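Subject: Handover of a protein structure

Dear colleague,

Please find below the structure that I am passing on to you. My account of what was found in it follows directly after.

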Amino acid sequence: MHTPTSIDAVQSMLAEQGYVCDRSLGTVVFLSLSLGRPLFLEGEAGVGKTEIAKALAASLNRRLIRLQCYEGLDASSAVYEWNFPAQMVAIRTAEAAGGADRKALQAELFSDDYLIERPLLDAMRPDEHGAPVLLIDELDRTDEPFEAFLLEALSDFQVTIPELGTIKAPEPPIVILTSNRTREVHDALKRRCLYHWVDYPNFDREMEILQARAPEAAAELSREVVAFVQRLRTEDLFKKPGVAETIDWAKCLLALDVITLSPEVIADTLGAILKYQDDIQKLQGSEAKRLLDEAKASLEPA
Ligand SMILES: Nc1ncnc2c1ncn2[C@@H]1O[C@H](COP(=O)(O)OP(=O)(O)OP(=O)(O)O)[C@@H](O)[C@H]1O
Ligand SMILES: [Mg+2]
């Protein structure tokens, strides 16, 4: 598949992968592809940030390379490392064979054979299908020094390995960065990217997503599920359910042969949508019934 030439083309290309993309997200994706700019996606948990990189890679038939961020992530885990144990074995073997040529041994030890490529280096390697999609996931989990390092890597897409020289991407990868906003990402990095806040979908869009991801669910149950989750999101919760939870819940209900929501069913399956005891506690007693009644009322034709 070639780079899409319109926003509509982006939306339908992602739809083929079961990803429901609204116009505003479609627009930034289109611009990011057209201008070759990294795309920075922020939003709550489970709203489809990671998934879009997967859908994009699949629809463009590109490789997906994922750099999962975490606290303490450093350049050697992100770019490359020398395979130290293998180098040690090679040295021992050469010693045992007796008096190896030092220069030749050194050249061998620092060749591609002993290089462990991590995601950023991998993303710079040529690929016959075109530049890969590089997903830098949950950037807010790393620390600032790594962010500064990334800023540089994203600006020139080249890596210098002292023993090997400089490796430059023949074509920059398609970069998607995500953050759950547990902390603010630095302006300098944001400035380099196109930005989009991925919000919870509205009722109609969430119905579309559910139909794409759990097509076996009956329309009536899906409507109740989505209405209830939408209603639940307006409550003051520690952790609101994302789209992922809606899908999970619908699948749980299907597995239990539930046809329609009731306060009892909700109480029994709440763990699929709420993951904190405090939140679950809030829905105890008559509260679930109240929310369900309101959700059902919102479904009735006006
Ligand atoms: N717009 C969408 N279209 C289709 N599926 C979606 C959409 N949004 C979310 N999903 C579904 O929700 C699941 C969770 O999405 P994803 O993992 O991308 O969330 P996330 O925003 O990366 O969350 P987190 O911040 O927790 O990593 C996906 O597996 C996907 O099935
Ligand atoms: Mg994610």
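I begin with one glycine. Apart from residues within four places of it in sequence, glycine 48 touches Val198 and Val243. Glycine 48 sits in the loop that runs between β1 and α3. Is this glycine 48 buried or exposed? Glycine 48 counts as buried, because it has 22 C-beta neighbours inside 10 Å. Its contact with Val198 joins parts of the chain that are 150 residues apart in sequence, and the C-alpha atoms of glycine 48 and valine 198 are separated by 7.8 Å.

Please keep in mind that this is a predicted model. The values in this message are therefore computed from a predicted model.

**The chain as a whole**

The protein chain contains 15 helices and nine strands. Its radius of gyration is 24 Å, whereas the globule rule gives 19 Å for 302 residues, so the chain is more spread out than a compact globule. The C-alpha trace spans about 85 × 45 × 35 Å along its principal axes. Of the 302 residues, 31% are buried. Among contacts with a separation of 6 or more, 79% are between residues 24 or more positions apart.

The domain assignment gives domain 1 (7-72 + 118-198), domain 2 (80-113) and domain 3 (203-293). Between the C-alpha centres of domain 1 and domain 2 there is a distance of 36 Å.

**The largest nonpolar core**

In soluble globular proteins, nonpolar side chains tend to be buried together. In this model, the largest nonpolar core has 70 residues, and the members that touch the most others are Ile176 and Phe228. Domain 1 (7-72 + 118-198) and domain 3 (203-293) each supply at least three residues to this core. Which residues does phenylalanine 228 touch, if those up to four places away in sequence are not counted? They are Leu261, Leu291, Leu292 and Ala295.

**Two helices**

Leu291, Leu292 and Ala295 appear again in helix α15, where they are buried together with Ala288. These buried residues lie on the same side of α15, because they cover an arc of only 100° around the axis. They pack against α11 (219-233) and α13 (263-269). Helix α15 (residues 287-299) has 13 residues, and the distance from its first C-alpha to its last is 19 Å, close to the 18 Å expected at 1.5 Å a residue.

Helix α2 (residues 23-35) also has 13 residues, and its end C-alpha atoms are 18 Å apart, which agrees with the 18 Å that it should span at 1.5 Å a residue. The buried residues in α2 are Leu25, Gly26, Val28, Val29, Phe30 and Ser32. Among the elements that cover them are α1 (7-15), β1 (39-43) and β9 (194-198). Just after α2, glycine 36 has a positive phi of about 70°.

**Positive phi in residues other than glycine**

Two further residues with a positive phi deserve a look. Asparagine 61 is not a glycine, yet its phi is near 55°, a positive value. Where is asparagine 61 placed? It lies in the loop between α3 (49-60) and β2 (64-68). Asparagine 61 counts as exposed, because it has 10 C-beta neighbours inside 10 Å.

Arginine 181, likewise a residue other than glycine, has a positive phi near 60°. Arginine 181 belongs to the loop between β8 (174-179) and α9 (187-191). With 13 other C-beta atoms within 10 Å, arginine 181 is partly exposed; the limit for an exposed residue is 12 or fewer.

**A buried isoleucine**

Isoleucine 247 is found in helix α12 (residues 243-255). Why does isoleucine 247 count as buried? There are 20 other C-beta atoms within 10 Å of isoleucine 247, and a residue is buried at 20 or more. When neighbours within four places in sequence are left aside, isoleucine 247 is in contact with Leu210, Arg213 and Ala214. Alanine 58, by comparison, is 189 residues from isoleucine 247 in sequence, and their C-alpha atoms are 21 Å apart in space.

When you open the model, you may wish to begin with glycine 48 in its loop between β1 and α3, and then turn to Ile176 and Phe228 in the largest nonpolar core.

Yours sincerely,

A colleague

Conventions: Residues numbered from 1 in each chain as written. Chains lettered and ligands numbered in written order. Predicted model: local features only at pLDDT ≥ 70, side-chain atom pairs only at ≥ 80, totals over all residues. Core = buried A, V, L, I, M, F, W, Y, C linked by C-beta atoms within 7 Å. Domains from an automatic or database assignment. Contact = placed C-beta atoms within 7 Å. Helix = DSSP H or I, 4+ residues; strand = E, 2+ residues; numbered from the N terminus. Expected span 1.5 Å × (residues − 1). Arc of directions from axis to C-beta. Rg over C-alpha atoms; globule rule 2.2 N^0.38 Å.
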